[in-house]
Each structure stands twice: as C-alpha cells, then as structure tokens.
Amino acid sequence: MNRRDFLRTSSVVVVSFAFDGVMPETAAPQTTNPGKPIDPREVDSFLAIHADGAVTIYTSKVDVGTGLNIAMAQMVAEELGIPVDRISVVEGDTALTPDQGGTGGSTGITRGGVELRQAAATARQALLKLGVNADMTNVGAIAGGKRLDLKVDPKAPLKNPSSYTVVGKPVLRPEVRKKCTGTTVFVQDFSVAGMLHGRVIRPPSIGAKLISVDEASIRSIPDARIVRIQNFLGIVANDEWAAVRAAKSLKTTWSESQTLPGSDMLDRHVRASAVERDETLVNRGDPAAALAVTAKQLSATYWWPFQSHASLGPSCATVDFRPEGTTIWSASQGPHGLRANFARVFGIAEDKLRVIFLDGSGSYGSNGNDDAAADALLLSRAVGKPVRVQWMREDEHGWDPKGPPQLLEIRGGLDAENRIAAWDTQMWLPGNVQGSRPLLAADDAGIPQPHGRTAGQISQNGDPPYAAPNVRVVVHWLKDTPLRLSNLRAPGKIANVFAVESFTDELAAAAAIDPVEFRLRGLTDPRAVDVIKRATEMIGWEARPSPNSRPQQGNLRVGRGMAYVRYKQMENYVAMAMDVAVDRSTGKVNVRRITCAHDCGLVINPDGLRNQIEGCILQTLGRTLHEETTFDRSRVTSVDWKSYPILSFPEVPTVEVALIDRPMLPPMGAGEAATAPVAAALANAVFDATGMRLRRVPLKL
Amino acid sequence: MPKYTFRVNGRAVSADSWDPAQPLLYVLRNSLGLHAVKFGCGLGQCGACTVIIDGRAARSCSTPVSQVAGRSVTTLEGLGTPERPDKLQAAFITEQAAQCGYCTNGMIMSAKALLTRTPNPTPEQVKQGLGGNLCRCGTYTRILSAVLRAGKA
C-alpha cells in the first residue's frame, strides 16, 4: 500500500489539499475569500503543515508587541512535537484566521493559545495514526500540504507539563530581530499599488459643524484633493507631505460647540452626574451596622482621570475600497469585530470585506486604529483608489477613545484587634450603552451608526482581597461621560486597586501595623502569601508601621510601599514593592527601585513574561505620575507629549521581577495584571516617605 | 522640482521635493523607501524619527530636506541586517529590548550617537542620553541593558 492509499483507507483521517498559507502582505486585495478553512471547530483552521515539515498557525489573537506569537508557537510546538523554529504565525486576517475573539482582557494565551494547543494535540493524534513518527521528522512527507479534515477534539490528550521541553523556555521572539533592523512591515509602512495618502481634518471642537471650506487656500500644494462628506473633511494626495501640508493649510470655518464640562474639577462633575442605575457587586454581612460599632473608622475618596492610550505612533490604516471586495490593513486588536462593525456601518456585505492585521505602534486596547480605518475607507470610497491614512500626533492624543474617569469612596473600620471589620466601596463609573463605539468618520459624514459605550470590565477589584466579615461594593453607573471611551489596559482595575490598596494601607497606618503584616493577617491563600513575601523580601522590606519615622536623607525623604492584587479576583497574583525618594522642596517623586513577584500559573515563555511585566510596571508608573487627558468646554487640550507627558527615560527605576511558575496550573495572560498594583504601591511609598496621603492621579505633592 | 543631493548610509542619493521645508522623514520613507524611521509626533518630542546626520542624532521629522543637502545621513538600515546586525542591534536582540518596536529605531539611533561620543557610558549617562526618546510600552530597562551591553562589548 502506498502512502496515499494508506491515507485514504485510514479510517479517521481523510486528506485533501490544504490551503498553502498566503501571507497577508502578499495577498491580493480583492481575495476576500481565499477558501481556507476558518471554522474554529476545525483543526485545519488553526494549523497548516507544509511539505518541508514547517507549520503555519492561524489565530485571530494578535501580537501587539506582547510576545504572544512566540508563546503560541511554543504551545503548539510542544503539543505537536516539532521544533518551535519550524512554526510561523498568521494573525488577525479575517479571511485566513479562525475567529477566537479580539485581543484583550489578557485572553491571548488563555483562549487563543489554549485553543491552538488543543488543535495541535488533536492533530498530533491524527498524525501518529497516519504513520508520522513520534518525533515528527516525517510529518511533511506524510501530511505536508494536505488537510486533516478533523474536528478539534476537546479530549485530545495534552502533554504532561513535567515533560515539557519548549514551554517554559525563554525562546527569543523572532520579530525582535526584524524590529531592531528596520525590516518589520508596520501598518504605517505598508503600501499597495496606486495608493494615495490621506489626512483628515477633525472638527476644532467636539460636535462642531463644517460651514465652509476655502479650496483656494491649498491651490499651491501639488495634487492635493479635498474630500468632503457633510462634516467629514479629508485630503488625499500622491505625496504624503502634500497631504500633511494641505490638511494643515486648508482654511475652514466651523460652528463652535461647547459640549464638555472641562477637566478641571472633573471629579466634582462626576460625583454630581446623573446615575443610570446602582449595582451591588458584593454584599456580605452588614457593613453599615458593623461600621457603626467599629473601634476605628476611616473614609477616603480616590480619583483617576481620563487617560489616553497615547500610542507612540499615531494610528494608521490602508483601505482599498472596491465594490467586488474591500480590504482593510489595520493594527486593530479586533480584526473580526472591526469587520462586523464596518460591514454594518458602511453597508458592505461581510464576505466582501477583509481585514488584515499588520503590526502597529503599541496599543493597549482600542486606540485610534478603528477610526483611522474608517477615515481611510471613506476616502478610498470617495476617490476610487487605495488610501493610507495616518493620524497626526494631535489626532491621536485628541481623538483616541479614552480610559474612563473613576471616582471611588471607601469607608472601613477596624475591630479591637485591628482587623478589618467592615468595608464599603462606592464607585462612580460611566455606564455601558449597548452597541459598538461610534466611528468618528461615520459621525462626521452623517452615516447612521450605533452609539454604544463601554470601557471594559471596569468595576472589578473594588473589594479588598483580605478577610473581612462585612463588605459591600456598589457601583453608581453614570448616564453619561464627556469623552468617547474604550478599554485601556487592565480596564478599571488600576484605579480600583489604587483605591483599595491605598485604603488598606491607610487602615494599616491607623492600626500602626506594618503594611505587609496587616495584609498577611487577612490572607490564607498560599499563592497570595507567596507573592507578597517574595516581592517584599526582594526589596529588603523593613517591618514597621508607616509612615517612616526616619525618612530624612539629605534633601530627600525616603520610604517604601507595597501593594497586592489578585487580578479580577480570580486570575494572577501580583505583589509589588517600591523604594522612593521625595524631594520636599520640589515635590518631585523619584522611584528608585521596584520589585514584583508574579504568579500567573503555568509560565509559557519566562522572558516574554518578564518583558510584559516590566512594561506593565513602567507604563503604569507614567500613568500614575503624569498622565491626565485635559479638556476645556470644546476640545481635548492635552494633544502632544508636552501637554500629555508619559514616563521618560531619566525617571526609570531599577525593576526586578520574580516569576513564580506553577506548571500544573493553567496559564493566565500577563499583559495587564502587573499594572494593577503600581499606583497604590507608589502612593503608599510616598506616604511612608512623607506622611502625605495622595489620593488623586496624577500624583502631586 | 528642486532636487536635493546628500548621502544616505554611504550612498549618494538625490531626491526631488516640491517643498524645501519637507521634513527629511518623508523623503527617507517615501522617496527612498527607508521605513525604519518612524513618524511619531512631527514635533521633535518623541524621538521615533531619529537618524544620524554627520555623526549627530537628529530628528528627521523636523529637519527640512533642504538642510540635509550635501550632508551624510545614517538610518537604522545603515547599521546592519537581520542576518548581520551590528553590535548595538545585536545587543538589543539579545536583551529582547522591544515590545511593539515603534520606538526602537529612535532608541538605537540615539544610542548609536551616544556610544560614538561616550563609548562606555554609565547607566545614568544612557538614561540622560536617551532622555528625548519615549517608549510607551515601557521597555526602558531592557533598552538600558542593551546599550550598556553594547558599550561594554
């Protein structure tokens, strides 16, 4: 029996010709349906085995610099039993990749990777039946270029983690080599034949109407063409600089509009805003009654402002609009969601719309990418050519959908033994509105669309992770909020943990108990205890109550603080400690050293994981120290890196990370969790150094 | 259309520009196909567009092409290739000193200029020397390690 006959007669596996991996950069734009399986129930949707034994994996989860690709490749390599360097990844192409949901909420590994792993485990069993040997050296010869035509078997056996040889290793991310040599094709670098450059002139104030356009004002700029659709105003040009110059030079008249409350004293505005509904998230015991009889009572209010994704590169997309099939090249974290939304809003059949992910500047949720794609789509549709739109700096800072403002009031009480007897959190948060987030371009062009609103799961981690018999957490969901929202890294959790862990520190100080001891008294979960002990040992924690009784170091006052989170109360365990020095004459906070202990279950790639944790810490340090989106009655006023500073190089502290690997537990995502304790650890350290409790972000002394 | 002649990565090039004020960034990216250099802000605030002009780090987003005539420009492509990265690029790869990679061009080019002036910098010198380069993903500590590694090598 020859091999082909064997394949045919083998009862389990039927072979046919597989799709041979058209790469996104070379795909013909009009190929909206290349015929590759994408049903997430099918193994072939996730994996293609090539004749040379290499494997391509397909996923809708995209790597926005997080190291997700290599982690997925390691998981697949481990289960299939082939070397990780034989695996390449096609990500986020609606025509090629199964829909595993968008990339967010730290689900890249937990859903994306785990589904791929199961597909690989299913494939391995089938391949062994086909006669592929256990070390897979003949996999290309036997199965290369063919479909397995198999359903993913949720019961296909997985390797025992104790036998892992690829998972758990710090395999280098191959894309870093390309990024360091300028050979990565970012969406900003992508072009197609005949492509024009576009720029959009956004209204000077939110909701302003376009009254007139002086076309003569850009007559001296070569080949610049104006596209106007109601209040949507764009420029297209052969030359990018011509588009930029024309967009800057074009004289326009707009109606003025004053729809915003202004960001000064926004917390008061939020506190006084109309409430849509109250939601009780936790209700245990009787906090009101318990508070009345506690030995010590405290209350405090914490504030977190609007913040921007502040992507380093402004959002960009190229769209080739054609009646027979439209292609969008985008760095959106949700290519499938983008397609579904654009199909509805712009009246395009979903099967005539293909979204292809390309690397972009880091995004931490939904930045301006979807809006830039909508801009490019309208321009391409208007001029009948592919159009690339890259936003300018003020577009990104001014118009990206923002992380929400959050106001929290906490009351708590200690019993006679200085244990938490009662805890009451009240949050004022922007309420959700059903439907997708409005696209700027569609609103400007008068195209009807949903005006949904969500910033993600922003009410989590509002309760203390410590033993407390009486706890209540209530959210006052607000009817409205001034700016468009989106999910910004660890949505809501950073502010909530800032409040909860600052307040915990306030209780510890009121009890005159060391902050670590105070927390450990309320914890029994050994994983929680492990991370707290580890992070504080690493920093050389001196057990004593805060504030520091001897903080003086020359002009400086020094102190240490810590914070702990169990992310979403059910995922990663993270503890963090910081050493700070505060210059009392200038108020400048200098963070000297940060230690972090992190437990996210099974570790797939320890170096990639460390990179994510370090990034979580440093990015959030900037969000805590500096970042606030400001606006007047008409417009966002923090529109560049001077008015919206982020962490800069000279401010960077030493960062030490300890990974606690739990190979027998499921892996959790790690793109968000280590952000959550940063603000509280910093505020607690500043309190220790100065005796001043900072409850508003950005922290100011 | 006026033509500007200068050197890029050791080669003589000439580029047309209808506007003498056109920033070098757009000429490099769109006329010469050198995409490593990135548009970040157009304001000289973030450093993503950094190139080296006559040995000094410069912001290509705010350097008019007319000012580059007759001068010598080095871009990231001029340092090394994926197969043969230069010492500094190799150090970035070893330290995995990138997340999204959008700032990487500017970080490497600013570090290159720094190491030319100061071959064995202290950590503080690196932090100050790269003080005009922003990284939103927060890979600063790795970039610091990479530059120190290249300085020692």
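This report describes the domains, interfaces, salt bridges and some backbone features of a predicted two-chain model.

**Confidence**

Chain A has an average pLDDT of 94, and 95% of its residues score at least 70. Residues 1–30 of chain A are an exception to the high scores, since pLDDT stays under 50 over this stretch. The model nevertheless has 58 contacts beyond four places in sequence for residues 1–30 of chain A. Where pLDDT is low, the predicted coordinates should not be read in detail.

**Domains of chain A**

Three domains make up the division of chain A: domain 1 covers 3–180, domain 2 covers 187–257 + 309–399, and domain 3 covers 493–690. Domain 2 of chain A is thus given in two segments, 187–257 and 309–399. Between domain 1 of chain A and domain 2 of chain A, the C-alpha centres are 34 Å apart. In their contact, domain 1 of chain A supplies 25 residues and domain 2 of chain A supplies 23 residues. About 1900 Å² is buried between these two domains, with 55% of that area on carbon and sulfur atoms.

One salt bridge is counted between domain 1 of chain A and domain 2 of chain A. Arg354(A) and Asp93(A) form a salt bridge, with 2.7 Å between the closest N and O atoms. Five residue pairs, both members at pLDDT 80 or more, are in polar contact across the interface of domain 1 of chain A and domain 2 of chain A. On the side of domain 1 of chain A that touches domain 2 of chain A, 10 residues are nonpolar, nine are polar and six are charged.

**Interface of chain B and chain A**

The contact between the chains involves 54 residues of chain B and 61 residues of chain A. Together, chain B and chain A bury about 4800 Å², and carbon and sulfur atoms account for 59% of this area. Six salt bridges are found across the interface of chain B and chain A. Lys38(B) pairs with Asp189(A) in a salt bridge at 3.2 Å, N to O. The interface of chain B and chain A also has 31 residue pairs in polar contact, both at pLDDT 80 or more.

Five helices of chain B each give two or more residues to the side that touches chain A: helix 1 (24–31), helix 2 (87–94), helix 3 (104–117), helix 4 (123–129) and helix 5 (140–152). Helix 5 of chain B gives the most, with five residues. By class, the side of chain B that touches chain A holds 29 nonpolar, 18 polar and seven charged residues.

**Salt bridges**

Over all chains, the structure holds 46 salt bridges. Asp444(A) and Arg202(A) form a salt bridge that links distant parts of the chain, 242 residues apart. Asp444(A) belongs to helix 13 (residues 440–444) of chain A, whereas Arg202(A) lies in the loop between strand 6 (196–200) and strand 7 (210–214) of chain A. Three salt bridges named in this report are listed below.

| Residues | N to O distance |
|---|---|
| Arg354(A) and Asp93(A) | 2.7 Å |
| Asp189(A) and Lys38(B) | 3.2 Å |
| Asp444(A) and Arg202(A) | 3.5 Å |

**Backbone features**

The peptide bond from Ser546(A) to Pro547(A) is cis, and Pro547(A) sits in the loop between helix 16 (526–539) and strand 20 (552–553) of chain A. A cis peptide bond also runs from Val697(A) to Pro698(A); Pro698(A) is in the segment after helix 18 (678–690) of chain A. Asn418(A), though not a glycine, has a positive phi of about 60 degrees. Asn418(A) is located in the loop between strand 17 (406–414) and strand 18 (420–430) of chain A.

Methods
Residues numbered from 1 in each chain as written. Chains lettered and ligands numbered in written order. Predicted model: local features only at pLDDT ≥ 70, side-chain atom pairs only at ≥ 80, totals over all residues. Heavy atoms only, no water. Domains from an automatic or database assignment. Contact = heavy atoms within 4.5 Å. Buried area = accessible area lost by both parts, 1.4 Å probe. Salt bridge = Lys/Arg side-chain N within 4 Å of Asp/Glu carboxyl O. Polar contact = N/O pair within 3.5 Å; in protein donor to acceptor, adjacent residues only side chain to side chain. Nonpolar A, V, L, I, M, F, W, Y, C, P; charged D, E, K, R; others polar. pLDDT = per-residue confidence, 0-100. Helix = DSSP H or I, 4+ residues; strand = E, 2+ residues; numbered from the N terminus.
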